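Open the structure in your viewer and keep the selection tool at hand. The tour below goes from one selection to the next, and at each stop it says what can be found there.

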Amino acid sequence: MRALHADTGYLLYRLGLRSGQLFNTFLQESGLRLRHYAVLRFLATCEGALQRELSARLGYDPSAIVGLVDDLEKLGFAERRPAPEDRRSRIVVLTEDGRAFLRDTDQAGRRVTDELLTPLAPGERETLHTLLVRVAENRLA
């Protein structure tokens, strides 16, 4: 196992899996999965997005985005509206219920992160976050 831990990419992969498992367990009560949560979190950063933009920004297959948005609409957390610049296109917008859901899940999300990062001191957590943001901005843009 030590040899695997020498590979940073493998460690990131395994930690990503574990983080996803923890988040999915926490989200299970709501009927949502981490992919739904990611869509909601992205929508909270903008005034709305085309489904193809969600697909590109989140790295999900376009057909998966359709199903995720359908699920979120059924729960009242998101809705499709005509795009202001092109009435033939539809944008996905976070609803007030979606915003409330995100607010309600903030504390639970922090608990998941705390569980994952238990071995690290607060300063180390901050450093890790800063480094991950730098890598993500360079590679996930």
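A search of the whole structure finds 8 salt bridges, a salt bridge being a side-chain nitrogen of Lys or Arg within 4 Å of a carboxyl oxygen of Asp or Glu. Side chains of opposite charge can pair when their charged atoms come close. Before you look at some of these pairs, please note that this is a predicted model, in which local features need pLDDT of at least 70 and side-chain atom pairs count only at pLDDT 80 or more, while totals for chains, interfaces and linings use all residues. Residues are numbered from 1 along each chain as its sequence is written, and side-chain values use heavy atoms, with hydrogens and water left out.

**The whole chain**

Begin with everything selected and shown as a cartoon. The chain has 7 helices and 3 strands, where helices (H or I, at least four residues) and strands (E, at least two) are DSSP runs numbered from the N terminus. Followed from the N terminus, the elements come in the order α-α-α-β-α-α-β-β-α-α. Along the principal axes, the C-alpha atoms fill a box of roughly 55 × 30 × 25 Å. Of the 141 residues, 29% count as buried; here buried means under 20% relative accessible area, exposed means over 50%, and partly exposed lies in between, with a 1.4 Å probe and protein chains only.

**The sheet**

Next, select residues 78-83, which are strand 2, and residues 86-94, which are strand 3. These two strands run antiparallel and are joined by 6 bridges, and they form a hairpin with 2 residues between them. Two strands are said to pair if DSSP finds at least two bridges between them. Which residue of strand 3 is the bridge partner of arginine 81? The partner is isoleucine 91, while arginine 80 has valine 92 as its bridge partner in strand 3.

Now add strand 1 to the selection, and you have an open sheet of 3 strands in the order 1-3-2, with antiparallel pairing. Strand 1 (49-50) and strand 2 stand at the edges, each with a single partner strand, so one side of each is left without a neighbour in the sheet. With the sheet still shown, select residues 34-43, which form helix 3 and lie across strand 1, strand 2 and strand 3. This helix runs at about 105° to strand 3, an angle taken between N-to-C directions on a scale from 0 to 180 degrees, with axes fitted as lines to C-alpha atoms, for helices over the stretch in contact, and contact means heavy atoms within 4.5 Å.

**Charged pairs**

Show the side chains of aspartate 106 and arginine 41, which form a salt bridge whose closest N and O atoms are 2.3 Å apart. Aspartate 106 lies in helix 6 (residues 96-116) and arginine 41 in helix 3, so the pair ties together parts that are 65 residues apart in sequence. Both residues are partly exposed, aspartate 106 with a relative accessible area of 27% and arginine 41 with 30%.

Stay with helix 6 and select glutamate 96 and arginine 99, whose side chains meet in a salt bridge of 3.7 Å, N to O. The two are 3 residues apart in helix 6, and therefore about one helical turn separates them. Is glutamate 96 buried or exposed? Glutamate 96 counts as exposed, at 55% relative accessibility, whereas arginine 99 is partly exposed at 29%.

The next pair is arginine 125 and aspartate 114, with a salt bridge of 2.8 Å, N to O. This pair links distant parts of the chain, since arginine 125 is in helix 7 (residues 122-139) and aspartate 114 is in helix 6, 11 residues apart. Finally, select Asp70, Glu73 and Arg80, which are linked in a network of salt bridges.

**A closer look at two helices**

Select alanine 64, which is placed in helix 5 (residues 62-75) and is partly exposed at 23% relative accessibility. Then add arginine 35, which is 29 residues away along the chain, with 9.3 Å between the C-alpha atoms of the two residues.

As a last stop, select leucine 12, which is found in helix 2 (residues 8-27) and counts as partly exposed at 49% relative accessibility.
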